[in-house]
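Work through these exercises with the model open. Each task is followed by a stepwise solution.

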Amino acid sequence: KKLVAAGVGGSSSSGGGGGVTRGDAPCATASGIPVYYNRLLINNQWVAAASGKTFATLNPTTGEEICQVARGDVADVDRAVLAARLAFELGSEWRSVDASARGRLLYRLADLMERDREYLAQLEVLDGGKTYMDVFNVDLNLAIKCFRYYAGWADKIQGRTVPIDGPFLAYTRHEPVGVVGAITPWNFPVLMVAWKLAPALACGNVMVLKPAEQTPLTALYLGQLAVEAGFPRGVVNVVPGLGPEAGSAITAHMDVDKVAFTGSTLVGRKIAVSAAQSNLKRVTLELGGKSPNIVMADADLEEAVEAAHHAIFFNQGQCCCAGSRTYVQEEIYDEFVRKSVARAKSRVVGDPMEPGVEHGPQVNAAQFDKILALIGEGRKQGARLMCGGKRWGSQGYFIEPTVFADVTDEMTIAREEIFGPVQVILKFRTVEEAIERANDTDYGLACGVHTKNIDVALQMSNQIRAGTCWINTYDVLESSVPFGGYKASGHGRELGEYGLQQYSEVKTVTIKLNHKSS
């Protein structure tokens, strides 16, 4: 009744069987890839925004509009939070589901993603400009594995008995936090939804998800797959909209118990303030980075060049953990620069849908302009532009793979998060110098070390203040391994068993006994 009064009622959305699920009136696109869901998913129903407003989502490959998407705001967040709160009430269908059944629902959702993997990949490329090769083989692979990983955890989240003095029995329970507000970024749309939704549901929470306004389409489609998988009404709600409208409404909402956010440090700070000023809701933040990637003189040079290339140019440099400060020991500096420039020049740029393309466009005009401005700042401050630095092609938001040499620590391109395809290569002499300079940053998300000396590898991994340290590799991520940052790169951890802690409350129960047996 409360939901009907709020404008959400009637029958739940239905999914198709044995193929791509389809909405009532799919949007035709210039690419030929249909968009089936572009409204709000609240209480398992597709509804228009209360205001009737929409916003355009664009194809970064061409700069053209894909379709209009419902523009959720405060009123819509209120409706979604109400649906989620009712789904979380004691005695509700969701609260009565066995833990093992929660796991089966997550397995089912992963199976549906596998079924529609090709379509999801096409949709992600269309909306975000990521290469099809990366989305299909990396993003979706990791997202599906994440749902299956946490499906396995659903009936293994346990408390413990605790011996205490006196005639008492003490034990702990791990209980769901409640209504989780998740705000996901545009650089890994489907994967970041998985990183938040899977552990939250495994723990028994309910969710209101706001995907990035630049890339909402795969999150909306995943919402429909959750309905098809059998999640009860109100458990998964998706409210696309603008950050200052829908996002701010979630972070300030008095009936949201926790916010999980991935995005910029600037916005993360605002979310922390909003959460504190409202109901002091729990917050996990995975924020920006300026990660050092250190190459010692004894490293395998060919492997180090390729690893450093991947560390910065993967996803067009749009990675929070990108190895965006490449430190190279002076003995091999010139050769490393020469080989890195050759590799950057050989990187295949083009239509991200095409086979063999390694490098697509930036996500939108704002990012495109920001990156080019920072490239200009690097040249102005005296860094040596070795290749790239310009627009690629005549349409869309493509930037050539760019390499700078002779970069110093005080330069803007060595301190600010560029979030683009710009490799800055700095020179160092000693291990101690590299560690000191690596730590000279506000961030602490990740680092890389390339060396054959295990003592050096261990020293650096122990002394560099970062949440993840890769040795002789980069960007290796698995659902079982925690991920998160130090300092201004955020707090809390996603993935692994540690990720479950962010979505559960620990309750202590102490019972007086008539006797004591030890």
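Buried means under 20% relative accessible area, exposed over 50%, and partly exposed in between, with a 1.4 Å probe and protein chains only. This is a predicted model: local features need pLDDT of at least 70, side-chain atom pairs count only at pLDDT 80 or more, and totals for chains, interfaces and linings use all residues. Residues are numbered from 1 along each chain as its sequence is written, and side-chain values use heavy atoms, leaving out hydrogens and water.

**Exercise 1.** Place Ser324 and decide whether Ser324 is buried or exposed.

Step 1. Find the element. Ser324 sits in the loop between helix H10 (301-313) and S12. Helices (H or I, at least four residues) and strands (E, at least two) are DSSP runs, numbered from the N terminus.

Step 2. Apply the cut-off. Ser324 has 9% relative accessibility, so Ser324 counts as buried.

Step 3. List the neighbours. Contact means heavy atoms within 4.5 Å. Leaving out residues up to four places away in sequence, Ser324 touches Gly289, Lys290, Ser291, Ile312 and Val424.

**Exercise 2.** Do the same for Thr326, then relate Thr326 to Cys469.

Step 1. Thr326 belongs to strand S12 (residues 325-329).

Step 2. Its relative accessibility is 0%, so Thr326 is buried.

Step 3. Beyond four places in sequence, Thr326 touches Asn293, Ala308, Phe336, Gln423, Val424, Ile425 and Leu426.

Step 4. Cys469 is 143 residues from Thr326 in sequence, and the two C-alpha atoms are 14 Å apart.

**Exercise 3.** Describe the nonpolar cores. Which residues touch the most other members of the largest one?

Step 1. Define the set. A nonpolar core consists of buried Ala, Val, Leu, Ile, Met, Phe, Trp, Tyr and Cys residues joined through side-chain atoms within 4.5 Å.

Step 2. Rank the members. The largest core has 129 residues, and Met113, Phe147, Phe231 and Phe336 touch the most other members. Helix H6 (residues 189-202) contributes the most to this core, with 11 residues.

Step 3. Look for a separate core. Another, of 30 residues, lies apart; Leu426, Phe428, Val431 and Ile435 are among them.

Step 4. Inspect one hub. Neighbours within four places aside, Phe231 is in contact with Asn44, Trp94, Leu105, Leu106, Leu109, Leu201 and Ala226.

**Exercise 4.** Summarise the whole protein.

Step 1. Count elements: 16 helices and 21 strands.

Step 2. Check burial: buried residues make up 58% of the 518 residues.

Step 3. Check contact range. Among contacts between residues at least 6 apart in sequence, 74% join residues at least 24 apart.
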